[in-house]
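Here is a guided look at one protein chain, written for someone who likes to check a description against the coordinates. Please keep a viewer open as you read.

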Amino acid sequence: MSDQTTPQDPTTQHPAPQQPDRDIAHPGLTGDMQQQPDHGEDTYVGSGRLEGKRALITGGDSGIGRAVAIAYAREGADVAIVYLPEEEPDAQETVRLVEAAGRRALALPGDIRDEAFCAEVVERTVAELGGLEVLVNNAAYQMAQDGGLLDLTTEQLDRTMKTNVYALFWITKAALPHLRPGSSVISTTSVQAFEPSPQLIDYASTKAAILNFTKALAQQVAEQGIRVNAVAPGPIWTPLIPATMPGEKVKEFGGDTPLGRAGQPAELAPAYVFLASQEASYITGERIVVTGGRIVG
């Protein structure tokens with residue numbers, strides 16, 4: 001376990017991949033993972049950088065989304081999280097952690113492949129939290145296919161595109177009328193946008209789309225005082241990994257990075273905090289890359 005202030009060797013700050021080569025059922029629950037991720041539960045210390053803001057985080061039940069929810073709450077923000085109904089146990093733990101930080105938490109179960117639901121989560125956030133200043137488009141679907149394109153079904157392609165791209169458009173479109181100057185839209189792209197894996201051809205394509213969406217929207221809304229940025233993670237240890245990748249890939253996950261290990265969700269959260277804070281006031285249309293030393297374009 002690491003803290004935010006003590007200098008540490010980043011190669012040993014968190015464990016190297018130790019997960020056995022077994023799968024967990026999709027969409028993946030944190031409790032089913034033998035090697036638990038670090039979301040910053042015991043380490044993240046806030047300093048009021050997001051005091052009084054209201055944030056909506058898709059995929060906020062676990063993994064990166066949970067880490068961001070914890071950090072935002074400890075920085076002073078109220079938080080709404082969107083998640084699949086089958087992820088309720090993880091969502092309730094995230095709600096508990098947000099409320100333990102003294103902030104309001106709003107749980108919004110549903111499927112973001114439904115355009116009407118995407119509009120609903122924005123309206124409920126605004127109504128129940130009293131406004132919206134930070135939108136984090138984080139939810140994603142992936143499923144590795146060893147045969148690449150030949151094994152990719154239309155059903156999977158449709159699910160990946162709707163979850164990762166369509167929902168991004170729908171939720172952001174619904175949110176824009178509620179965002180005021182100083183607000184932020186932050187989306188999760190990926191190292192896959194730069195270095196696509198053959199087994200993740202559909203997922204990688206969506207992550208490249210998210211990057212271009214970020215750049216285009218940033219130019220569109222800059223004069224309104226709204227900033228739009230992205231975070232591009234490398235291999236990060238979340239339930240999505242053992243739930244969607246072959247066992248042998250899971251066992252070695254992150255070991256090929258220069259730092260020699262997978263990243264933890266807690267190591268992503270500060271990037272999302274920075275981009276949502278006033279400290280990033282002159283940054284828009286950009287991405288922060290968090291890849292354990294892997295060089296990307």
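The sections below go from the whole chain to the sheet, then to the helices, and end with a loop residue.

## The chain as a whole

Please bear in mind that this is a predicted model. The protein chain holds eight helices and seven strands. Of its 297 residues, 54% are buried.

How much of the contact list joins residues 24 or more positions apart? Taking contacts in the chain with a separation of 6 or more, such pairs account for 77%.

## The sheet

Seven strands form an open sheet in the order 3-2-1-4-5-6-7, and the pairing is parallel. Strand 3 (105-109) and strand 7 sit at the edges, each pairing on one side only. From one strand to the next, the twist averages 15°. As background, strands of a sheet pair through backbone hydrogen bonds, either parallel or antiparallel.

Strand 1 is a good place to zoom in. Residues 54-58 make up strand 1, which pairs with strand 2 (residues 78-83) in the parallel sense over five bridges. Along this pairing, Arg54 stands opposite Asp78, and Ile57 stands opposite Ile81. Are the residues of strand 1 mostly covered or uncovered? Mostly covered: five of its five residues are buried. In a regular strand the side chains alternate between the two faces of the sheet. Here Arg54, Leu56 and Thr58 point one way, while Ala55 and Ile57 point the other way, and all are buried.

## Helix 5 against the sheet

Helix 5 covers residues 201-221, which gives it 21 residues. From its first C-alpha to its last it reaches 31 Å, close to the 30 Å expected at 1.5 Å a residue. Helix 5 lies across strand 5, strand 6 and strand 7, and runs at about 160° to strand 6.

Which residues of helix 5 are buried? They are Asp202, Tyr203, Ala204, Thr206, Lys207, Ile210, Leu211, Phe213, Thr214, Leu217, Ala218 and Val221. These buried residues pack against helix 4 (154-175), as well as strand 5 (184-188), strand 6 (227-233) and strand 7 (287-290).

## Helix 8, an enclosed helix

Why is helix 8 described as largely enclosed by the rest of the structure? Six of its eight residues are buried, so the description follows from that count. The residues in question are Ala269, Ala271, Tyr272, Val273, Leu275 and Ala276. Their packing partners are helix 1, strand 4, strand 5, strand 6 and strand 7.

## Helix 1 and its two helix partners

Two packed helices are described by the angle between their axes and the distance between the axes. For helix 1 (residues 63-74) and helix 2 (residues 88-100), the axes come within 9 Å and cross at roughly 15°. Because the angle is that small, under the 35 degree cut-off, helix 1 is roughly parallel to helix 2. The crossing is right-handed. On the helix 1 side the meeting residues are Arg66, Ala69, Ile70 and Ala73, and on the helix 2 side they are Asp90, Glu93, Thr94, Leu97 and Val98.

With helix 8, the axis of helix 1 comes within 8 Å and crosses at roughly 55°. Helix 1 and helix 8 are therefore oblique to each other. This crossing, too, is right-handed. Ile64, Ala67, Val68, Ala71 and Tyr72 in helix 1 meet Ala269, Tyr272, Val273 and Ala276 in helix 8.

Ile70 deserves a closer look within helix 1. Its relative accessibility is 1%, so Ile70 counts as buried. Ile70 and Thr94 are 24 residues apart in sequence, with 7.4 Å between their C-alpha atoms. Leaving aside neighbours within four places in sequence, Ile70 is in contact with His39, Gly40, Glu41 and Leu97.

## A loop residue to finish

Where does Leu176 lie? Leu176 is found in the loop between helix 4 and strand 5. Beyond its neighbours within four places in sequence, Leu176 is in contact with Leu217, Val221 and Ile226. Leu217 and Val221 also appear among the buried residues of helix 5. Leu176 and Val122 are 54 residues apart in sequence and 9.7 Å apart in space, C-alpha to C-alpha.

Methods:
Residues numbered from 1 in each chain as written. Predicted model: local features only at pLDDT ≥ 70, side-chain atom pairs only at ≥ 80, totals over all residues. Heavy atoms only, no water. Helix = DSSP H or I, 4+ residues; strand = E, 2+ residues; numbered from the N terminus. Expected span 1.5 Å × (residues − 1). Buried < 20%, exposed > 50% of the residue type's maximum accessible area, 1.4 Å probe, protein only. Contact = heavy atoms within 4.5 Å. Pairing = 2+ DSSP bridges. Axes fitted to C-alpha atoms, helices over the stretch in contact; angles between N-to-C directions. Parallel < 35°, antiparallel > 145°, perpendicular 65-115°, else oblique. Left-handed = near helix turned anticlockwise from the far one by under 90°.
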